[in-house]
Amino acid sequence: MAHPLRGAVAVVGFGLTPFGELPGRTHLEIMGEAIHNALADAGIDKNQVDGIFGSNFNDPLGAILYPEYFGLKNIKVMDSTNIGGSSFNNAMQDAAAALHLGLCDVALIAYGSNTRTATRRAGPGFGRSFDAPYRPRQPINSYALAASRHMHQYGTTKEQLAHVAVSARQWAQKNPRAFMREPLTVEECLKARMVVDPFGVRDCCLVTDGGAAMVVVRADRAKDFAKKPVYLLGVGAATTHNDISQMPDLTVTAVAQAAPRAYAMAGITVKDVDVIEVYDAFTINTILFLEDFGFCKKGEGGPFVAAGNIAPGGAHPLNTNGGGLSCVHPGMYGMFLMVEAVEQLRGAAGERQIEGAEIALCNGNGGYLSSQITLVFGTEATL
Amino acid sequence: MASQRAATFEGPGPDAVYYENLKQGKFRIQHCNACGKNFFYPRPLCVHCGSPDWAWIDASGAGTVYSTSVVRQRPEDGPDYNIALIDLAEGPRMMSRVVDIPATEVKIGMKVQAHIGELEKQTLVLFRPAGR
């Protein structure tokens, strides 16, 4: 029997802000633009929203701030769980359950950030930490340690890491919204300024401003909305650690647990996936996730990306918007990868559209490779 | 009736005791009396089995580099430095710095030995290559 959440909810609207620099605007103002556009895309009034899902490092009590700030008068479900950049992917799981159980009828998931133009410096870590006193440059440092270990254990090279960045840039060149669209070569990546060895600056995601929001409803109502609905087919969540020193194996992420759960709920295998959207905070992420998804064996992610599999024209198109590496990364990227999946499955992705895309596989990453949320989205044809 | 309160729930917690031990020149980690395993970082319940029945033991300080990185700095901010993950001989893994050699010379698999040092006025466990 199919899982009760398979196809139970659908995304019926999304909204974005411009990506890049939005000077003089607070994160809530940026969030507001995204929410306005999402409600317009869904064709609903703000007071039809009765479930609010969103978090921000600035907003410890976000789920009561957002209804006040945006005047959402009929909120029944409040969720501002913060597990890092994957919070919004986790929120999709929570929203699906709340909608399915009838706790709410219209869920709004939203985020806005001014991390590029605000002057706040990142802190040494999240919460009480026995890693932080050593002054690792976080979050880069945690991912650099994972890359270092993967290179040692499997012979993964800096050239292979560079292919992840170059592929993302090639996709960004097809996306008018992307922040960085200039040509980029493997050689340029290898010559780039070192930040935390083994990472140079091109191994690291952008720091931009930007916002995104999404409207989610039960599937039985999805066709009442103007835009083509995109259905949630499966989801799986897992965490292995908070601080990187506590990650059991730096070469295996919690995707290895989350993805099989998502596939089982969706009733798919990796062979059914048309397009992949992952949280590429750093180049090693993409390699780790491809392995843990099962697109290649553990340790073979480097050669897999270097063979052009994920780039435009490749067999496994990944991060078709340009990803966190080249499109947008305002502190937390989880919303934006889901938006790209929705746009692909609507068939509305313009020059970067994957022809006939029916199933999108997503993975949100949070903390220091700490939380992983795998999501499978599909068109009506996949129900 | 509630069971008797475990002795390890009384007095200063393991977080405070760990740093106090360091200030007295002792690098100590926790040993679980229930499951026999060791754990680090300090916390009130064994991370393996959940028991509050644990005791402090002296760490040998012997370790192996599990992963390593180099934090690059602008010259005005100070020299580049190492950030490593060290697998202790007793089992647990911890973040630290391997010092006394260039940050880029720290290699995965390298045998290292702990010493207690100071970083930005905080007393911490640091490592240097074994036998030096």
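Start by selecting Arg177(A) and Glu343(A) and showing their side chains: the two meet in a salt bridge, with 2.9 Å from N to O. Now trace the backbone from each of them. Arg177(A) sits in the loop between α5 (158-172) and α6 (186-191) of chain A, while Glu343(A) belongs to helix α12, residues 334-346. The pair links distant parts of the chain, 166 residues apart. Keep in mind that you're looking at a predicted model. If you hunt through the whole structure, there are 21 salt bridges over all chains.

**Next stop: chain B on its own**

Hide chain A for a moment and colour chain B by secondary structure. What will you count? Chain B comes to one helix and eight strands. Follow chain B from the N terminus and you meet the helix, with the strands coming after it: α-β-β-β-β-β-β-β-β. Turn chain B around, and its C-alpha trace spans about 60 × 30 × 20 Å along the principal axes.

While you're here, zoom in on Phe40(B) and Tyr41(B). A cis peptide bond joins these two, with omega about 10°. To find the spot on the cartoon, look at the loop between β2 (38-39) and β3 (54-58) of chain B, where Tyr41(B) lies.

**Bring chain A back**

With both chains showing, select the residues where they touch. You should get 25 residues of chain A in contact with 32 residues of chain B. Together the chains bury about 2,500 Å² between them, and 55% of that is on carbon and sulfur atoms.

How many salt bridges cross the interface of chain A and chain B? The rule finds two. Pick out one of them by selecting Arg135(A) and Glu120(B), whose side chains meet at 3.5 Å, N to O. Polar contacts cross here too: 16 residue pairs, with both partners at pLDDT 80 or more.

Now look at the side of chain A that touches chain B. Both α4 and β5 (194-197) of chain A supply at least two residues to that side. Which element gives the most? That's α4(A), with six residues. Colour this side of chain A by residue class and you'll see 13 nonpolar, five polar and seven charged residues.

**The loop before α4**

Go back to Arg135(A), the residue from the salt bridge with Glu120(B). Arg135(A) lies in the loop between β4 and α4 of chain A. Check its backbone angles: phi is near 60°, a positive value in a residue other than glycine.

Stay in that loop, between β4 (106-113) and α4 of chain A, and select Pro139(A). The peptide bond from Gln138(A) to Pro139(A) is cis, with omega near 0°.

**Last stop: a pocket shared by the chains**

Finish with the second largest pocket, which holds about 270 Å³ of space. To centre your view, select Ser148(A), Thr68(B), Thr104(B), Val106(B) and Lys107(B): of the 13 lining residues, these lie nearest the centre of the pocket.

Which elements should you highlight around this pocket? Try α4 (140-154) of chain A and β4 (62-71) of chain B, as each supplies at least two residues of the lining. Finally, colour the lining by class: six residues are nonpolar, five are polar and two are charged.

Technical notes. Residues numbered from 1 in each chain as written. Chains lettered and ligands numbered in written order. Predicted model: local features only at pLDDT ≥ 70, side-chain atom pairs only at ≥ 80, totals over all residues. Heavy atoms only, no water. 1 Å grid on protein atoms, 1.4 Å probe; cavity = no way out; pocket = protein on both sides within 12 Å on 5 of 7 lines; lining within 4 Å. Points joined across faces, edges and corners; volume = space filled by probe spheres on them. Helix = DSSP H or I, 4+ residues; strand = E, 2+ residues; numbered from the N terminus. Nonpolar A, V, L, I, M, F, W, Y, C, P; charged D, E, K, R; others polar. Contact = heavy atoms within 4.5 Å. Buried area = accessible area lost by both parts, 1.4 Å probe. Salt bridge = Lys/Arg side-chain N within 4 Å of Asp/Glu carboxyl O. Polar contact = N/O pair within 3.5 Å; in protein donor to acceptor, adjacent residues only side chain to side chain.
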